[in-house]
Amino acid sequence: MNLCEIGRELERRYDGLVRVVQENPDLVVEVAREKLLEVCRFLKDTPDFEFNFLIFITAVDRVDYLEVVYCLRSMSNFRQIMLKVQVPADNPEVPSLTGIWPAAGFDERETYDLLGVRFSGHPDLTRILLPDDWEGHPLRKSYPVDKRPVRTY
Amino acid sequence: MGVDDRWKGYHETDPGPLGNLLTKVADLPGGQVLVGAADALVDWGRKCSIWPLTFGLACCAIEMMSTGASRYDIDRFGSGVFRPSPRHADVMLVAGTITYKMAPRVRRLYEQMPAPKWVIAYGNCACSGGPFNTYSVVQGMDEIAPVDVYIPGCPPRPEALLYGLMKLQDKIMAESLTRKGVPVLEPVRDRQGA
Ligand code: SF4
């Protein structure tokens with residue numbers, strides 16, 4: 001089964017909730033927020049797919065909405081796939097993938113830290129790069145470019 | 001270009017018993033000669049053993065390590081002894097980007113160093129924030145502590161660090177035990193290179 005067929009298989013299984021947005025050079029699919037966990041588990045556990053390695057998690061601020069991006073890789077079949085989940089900017093919440101790939105923990109903390117996406121079910125969703133008392137999420141478009149923290153020492 | 005006086009008077013401490021004694025000696029007939037000789041001796045001792053603190057903050061640290069390796073022989077200037085504790089160190093070699101998260105730690109390390117102490121801002125980032133005018137980067141080491149020598153470059157070559165050390169040695173030689181602090185000098189502008 002090649003990448004295009006994987007995309008079509010996903011579209012068939014999750015009719016209307018998964019949409020292939022790009023096939024070349026990488027397969028990019030848009031997944032509905034409520035189906036994310038199910039799709040990930042399916043991609044990881046199905047013997048033909050075996051996307052057993054989570055490469056990264058990040059997010060993009062599209063002003064009207066946020067787009068959380070997951071990149072998965074199959075170490076046995078040598079291919080990778082990108083998942084995108086759209087979430088509203090005022091309530092950016094997606095389920096955490098830590099139950100499927102424990103490595104998701106750090107990436108989710110980083111995405112939370114810089115873009116303010118909340119990952120429900122994450123065991124310890126705290127800031128990872130910025131100081132704990134930082135205000136705001138600096139990679140959001142709404143964060144003022146010239147805003148600097150107040151130094152107290 | 002004027003003098004940067006953000007940290008003016010910051011190091012003005014009591015000259016101490018030796019300094020007070022030398023001030024009295026300087027008033028005696030011929031005392032200036034004695035004080036001058038004592039100053040020269042102490043300054044010479046200090047300038048020949050400027051031990052740096054071992055720490056690097058970003059890519060510039062690679063070049064600093066290269067300076068410390070055998071090819072450039074930093075020991076010629078008595079600065080080869082990178083100290084793991086700020087309490088042993090004389091100069092703080094700030095090599096790299098200072099983030100707001102790191103800044104309190106850098107400041108604390110500076111405060112833990114015993115006087116007399118000096119600071120070299122090594123690289124554009126430590127001089128002025130460099131290419132990173134962003135939410136997380138402090139715009140220069142001089143926002144945290146007084147800087148004695150600025151070395152621009154991204155990263156500066158090891159030769160630049162050696163030259164900066166020589167500039168610091170010149171500055172140390174201008175110090176005196178009888179004065180409070182360091183005399184404020186007009187910044188020296190060099191026409192090295194282009
Ligand atoms: S000045 Fe350049 S080389 Fe040095 S720390 Fe900054 S970015 Fe890195």
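Begin by selecting domain 1 and domain 2 of chain B in this predicted model, and display the surface between them, where the two domains bury about 530 Å², with carbon and sulfur atoms accounting for 51% of it. On the side of domain 1 of chain B that touches domain 2 of chain B, colouring by class will show two nonpolar residues, one polar residue and two charged residues. If you look for specific pairings across this interface, the rule finds zero salt bridges between domain 1 and domain 2 of chain B, and it likewise finds zero residue pairs in polar contact when both partners must have pLDDT 80 or more.

To set the selections exactly, use residues 3-36 for domain 1 of chain B and residues 49-174 for domain 2 of chain B. The contact between them draws five residues from domain 1 of chain B and nine residues from domain 2 of chain B. Placing a marker at the centre of each domain, taken over C-alpha atoms, gives a separation of 27 Å.

Next, bring chain A into view together with chain B, and select the residues at their contact, which number eleven from chain B and 14 from chain A. Here the buried area is about 1000 Å², and carbon and sulfur atoms give 62% of that area. Which three residues of chain B should be picked out as supplying more of the area that chain B buries against chain A than any other three? They are Tyr100(B), Lys101(B) and Tyr135(B), which supply 66% of it. By class, the side of chain B that touches chain A comprises five nonpolar, three polar and three charged residues. A search for pairings between chain B and chain A returns zero salt bridges, whereas three residue pairs are in polar contact, with both members at pLDDT 80 or more.

Now move to the ligand and show its surroundings in chain B as sticks. The shell includes Ala58(B), Cys59(B) and Cys60(B), together with Gly96(B) and Thr97(B). Continue along the chain to Asn124(B), Cys125(B) and Phe132(B), and then to Gly153(B), Cys154(B) and Pro155(B), which also surround the ligand. Sorted by class, this shell has seven nonpolar residues, four polar residues and no charged residues.

Finally, colour chain B by confidence, bearing in mind that its average pLDDT is 85 and that 88% of its residues score at least 70. Where pLDDT is low, the predicted coordinates should not be read in detail. For the model as a whole, the scores are ipTM 0.79 and pTM 0.83.

Technical notes:
Residues numbered from 1 in each chain as written. Chains lettered and ligands numbered in written order. Predicted model: local features only at pLDDT ≥ 70, side-chain atom pairs only at ≥ 80, totals over all residues. Heavy atoms only, no water. Near = heavy atom within 4 Å. Nonpolar A, V, L, I, M, F, W, Y, C, P; charged D, E, K, R; others polar. Domains from an automatic or database assignment. Contact = heavy atoms within 4.5 Å. Buried area = accessible area lost by both parts, 1.4 Å probe. Salt bridge = Lys/Arg side-chain N within 4 Å of Asp/Glu carboxyl O. Polar contact = N/O pair within 3.5 Å; in protein donor to acceptor, adjacent residues only side chain to side chain. pLDDT = per-residue confidence, 0-100.
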